[in-house]
Amino acid sequence: MVYAYLRVSTDTQTVENQRYEINRYVESKGLIVDHFVEEKISGGKEVSKRKLGNLLRRLKKGDILIASEISRLGRSLYMIMDILNLCMEKQVLVFTIKDNFHLGDDIESKVLAFAFSLSAEIERRLISQRTKEALLRVRSEGKILGRPKGKKNNHSKVLDRLDIIKDLFDKGLPISKIAKRVKLHPNSIYKLNLNKFNG
């Protein structure tokens, strides 16, 4: 299957130029696009929250993914490397037209795939290291991290008072009054979905 991915960032932009470029490209290569995936969304948005995420999950070995340029896939280098690495793992071919980029099963692509996976791993380790250093700095400044010792979280408070809450609900008291009685925020009680207890 041949997939074409077209993306613009705003409603005022159009994907038609990208479509034109892709159609000319596939014609010159003797290919036919089986499915166009279009979206109007920022390239900085998480891939999983874009149509691109669904497309990447669907891709199978031997499929081809075409974009007008590599920046259509994502805004950051790290994001693009992640996408290309996934395509390499799935043995999917990637072509971008303006950059003349080709990711396939040749030796150059395999070297690139290694570089992508290595870069992604280095980035993950750097993020982990920065997080650890930030936590150490905060602790050295005398700040206590996490919930204070002995303090219950809100969920525990709700569970401790569940019988009282259900009893007051059964008596027809509104959630706002129940919340005042048990000294909890009304949202904590709404989340219980008390109607299910009456089924």
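Contact here means heavy atoms within 4.5 Å. The model is a predicted one, in which local features need pLDDT of at least 70 and side-chain atom pairs count only at pLDDT 80 or more, while totals for chains, interfaces and linings use all residues. Residues are numbered from 1 along each chain as its sequence is written, and side-chain values use heavy atoms, with hydrogens and water left out.

**Exercise 1. Describe the overall make-up of the protein, including the share of contacts between residues 24 or more positions apart.**

Solution. Begin with the contacts that have a separation of 6 or more: residues 24 or more positions apart account for 59% of them. Next, take the secondary structure, where helices (H or I, at least four residues) and strands (E, at least two) are DSSP runs, numbered from the N terminus. There are eight helices and five strands, and along the sequence they follow the pattern β-α-β-α-β-α-β-β-α-α-α-α-α. Finally, turn to burial, with buried meaning under 20% relative accessible area, exposed over 50%, and partly exposed in between (1.4 Å probe, protein chains only). Of the 199 residues in the protein, 34% are buried.

**Exercise 2. Determine how strand β1 is placed, and which strands pair with it.**

Solution. First consider burial: seven of the seven residues of β1 are buried, so the strand is largely enclosed by the rest of the structure. Its side chains divide between two directions, with Val2, Ala4, Leu6 and Val8 pointing one way and Tyr3, Tyr5 and Arg7 the other way. Then examine the pairing, for which two strands qualify if DSSP finds at least two bridges between them. β1 and β3 run parallel and are joined by four bridges, in which Ala4 has Ile66 of β3 as its partner. β1 also pairs with β2 in the parallel sense, over six bridges, and here Leu6 stands opposite Glu38. As a last step, follow Leu6 to Ser68, which is 62 residues away in sequence, although the two C-alpha atoms are 7.4 Å apart in space. Ser68 is found in the loop between β3 and α3 and, because its relative accessibility is 1%, counts as buried.

**Exercise 3. For helices α2 and α6, establish where the buried residues lie around the axis.**

Solution. In α2 (residues 51–58), the buried residues are Leu52, Gly53, Leu55 and Leu56. They cover an arc of only 160 degrees around the axis, which puts them on the same side of α2; the arc is that of the directions from the helix axis to the C-beta atoms. Their cover includes β1 (2–8), β2 (35–40), β3 (64–67) and α3 (77–89). In α6 (residues 162–170), Leu162, Ile165 and Leu168 are buried. The buried residues of α6 fall within an arc of 130 degrees, so they line one face of the helix. Asp163 and Asp170, on the other side of α6, are exposed. After α6 comes Gly172, with a positive phi near 90 degrees.

**Exercise 4. Locate the salt bridges of Arg19 and Arg50, and state which residues are linked in a network.**

Solution. A salt bridge is a side-chain nitrogen of Lys or Arg within 4 Å of a carboxyl oxygen of Asp or Glu, and the structure holds eight of them. Arg19 is bridged to Glu16, with the closest N and O atoms 3.5 Å apart; because the two are three residues apart in helix α1 (residues 16–29), about one helical turn separates them. Arg50 meets Glu39 at 3.9 Å, N to O. This second pair links distant parts of the chain, since Arg50 belongs to the loop between β2 and α2 and Glu39 to strand β2, eleven residues apart. Both Arg50 and Glu39 are buried. The network of salt bridges links Glu21, Glu69, Arg72 and Lys98.

**Exercise 5. Which residues other than glycine, one in the loop between β4 and β5 and another between α7 and α8, have positive phi, and are they buried or exposed?**

Solution. In the loop between β4 (93–96) and β5 (101–103) the residue is Asn100, whose phi is near 55 degrees. Its relative accessibility is 68%, and Asn100 therefore counts as exposed. In the loop between α7 (175–182) and α8 (186–190) the residue is Lys183, with a phi of about 60 degrees. Lys183 also counts as exposed, because its relative accessibility is 71%.
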